[in-house]
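Here's a quick briefing on a small set of features worth looking at while you have the model open. Start with the overall layout, then move on to the pocket, the salt bridges and a few loop residues.

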Amino acid sequence: MALVFIDGANLEISIALLDELDVGDFVLVHVGYALAKIDPAEAKRTLELLQELGAAKECRS
């Protein structure tokens, strides 16, 4: 198990599916599991895209 920080929230996730993770690594998380280790640039872009989707959703409301 590991603690992750995602968009202002701390979550406990399983890292059982991955080998050789270090503190500070970026991972793709889905339904409480770390699925893949990703590089910092990919993590940054993914978070930017998710924020853009959230902003677009707010504009429609």
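Helices and strands here are DSSP runs, with at least four residues for a helix (H or I) and at least two for a strand (E), numbered from the N terminus. Keep in mind that this is a predicted model. Counted that way, the chain has 1 helix and 4 strands, and reading along the sequence gives you β-β-β-β-α.

**Overall layout**

- Line the chain up on its principal axes and the C-alpha atoms fill a box of roughly 40 × 20 × 15 Å.
- Buried residues make up 11% of the 61 in the chain.
- The accessible surface adds up to about 5100 Å², and carbon and sulfur atoms own 58% of that.
- Take the contacts with a separation of 6 or more: just 2% of them join residues 24 or more positions apart.

**The largest pocket**

- The largest pocket holds about 610 Å³ of space.
- Its lining takes in 22 residues, and the ones closest to the centre are Val4, Phe5, Asp25, Phe26 and Val27.
- Three elements give two or more residues to that lining: strand 1 (2–6), strand 3 (26–30) and helix 1 (40–60).
- Which element gives the most to the lining? That's strand 1, with 5 residues.
- Sorted by class, the lining of the largest pocket has 17 nonpolar residues, plus 2 polar and 3 charged ones.

**Salt bridges**

- The count of salt bridges comes to 4.
- Lys44, Arg45, Glu48 and Glu52 are tied together in a network of them.
- Glu48 pairs with Lys44 through their side chains, at 2.9 Å from N to O. These two are 4 residues apart in helix 1, so about one helical turn separates them.
- Glu48 also meets the side chain of Arg45 in a salt bridge, this time at 3.6 Å from N to O. Here the spacing is 3 residues in helix 1, which again means about one helical turn between Arg45 and Glu48.
- Arg45 has a salt bridge with Glu52 as well, at 3.8 Å from N to O. That pair makes the cut because a salt bridge needs a side-chain nitrogen of Lys or Arg within 4 Å of a carboxyl oxygen of Asp or Glu.
- How exposed are the members of this network? Lys44 is exposed, with a relative accessible area of 53%.
- Glu48 is partly exposed at 28%, Arg45 is partly exposed at 41%, and Glu52 is partly exposed at 47%.

**Around the end of strand 3**

- His30 sits in strand 3 and counts as partly exposed, at 48% relative accessibility.
- Check His30 against Ile13: they are 17 residues apart in sequence, and their C-alpha atoms are 9.1 Å apart in space.
- Val31 belongs to the loop between strand 3 and strand 4. Its phi is near 40°, a positive value in a residue that isn't glycine.
- Is Val31 buried or exposed? Val31 is exposed, with a relative accessible area of 66%.
- Gly32 lies in the loop between strand 3 and strand 4 (33–38), and at 31% relative accessibility Gly32 is partly exposed.
- Gly32 and Glu12 are 20 residues apart along the chain, with 7.3 Å between their C-alpha atoms.
- Leave out residues up to four places away in sequence, and Gly32 touches Ile13 and Ser14.

**The loop between strand 2 and strand 3**

- Glu20 is found in the loop between strand 2 (9–13) and strand 3.
- What is the phi of Glu20? It's positive, at about 55°, although Glu20 is not a glycine.
- Glu20 is exposed, with a relative accessible area of 72%. The label follows because exposed means over 50% relative accessible area.

Terms used
Residues are numbered from 1 along each chain as its sequence is written. This is a predicted model: local features need pLDDT of at least 70, side-chain atom pairs count only at pLDDT 80 or more; totals for chains, interfaces and linings use all residues. Side-chain values use heavy atoms; hydrogens and water are left out. On a 1 Å grid over the protein atoms alone, a cavity is a set of points where a 1.4 Å probe fits but cannot get out, and a pocket is an open set with protein on both sides within 12 Å along at least five of seven lines; lining residues have an atom within 4 Å of a point. Grid points are joined across faces, edges and corners, and a volume is the space filled by probe spheres set on the points. Ala, Val, Leu, Ile, Met, Phe, Trp, Tyr, Cys and Pro count as nonpolar, Asp, Glu, Lys and Arg as charged, and the others, Gly among them, as polar. Buried means under 20% relative accessible area, exposed over 50%, partly exposed in between (1.4 Å probe, protein chains only). Contact means heavy atoms within 4.5 Å. Accessible areas come from the Shrake-Rupley method with a 1.4 Å probe; for residues, only the protein chains shown count as cover.
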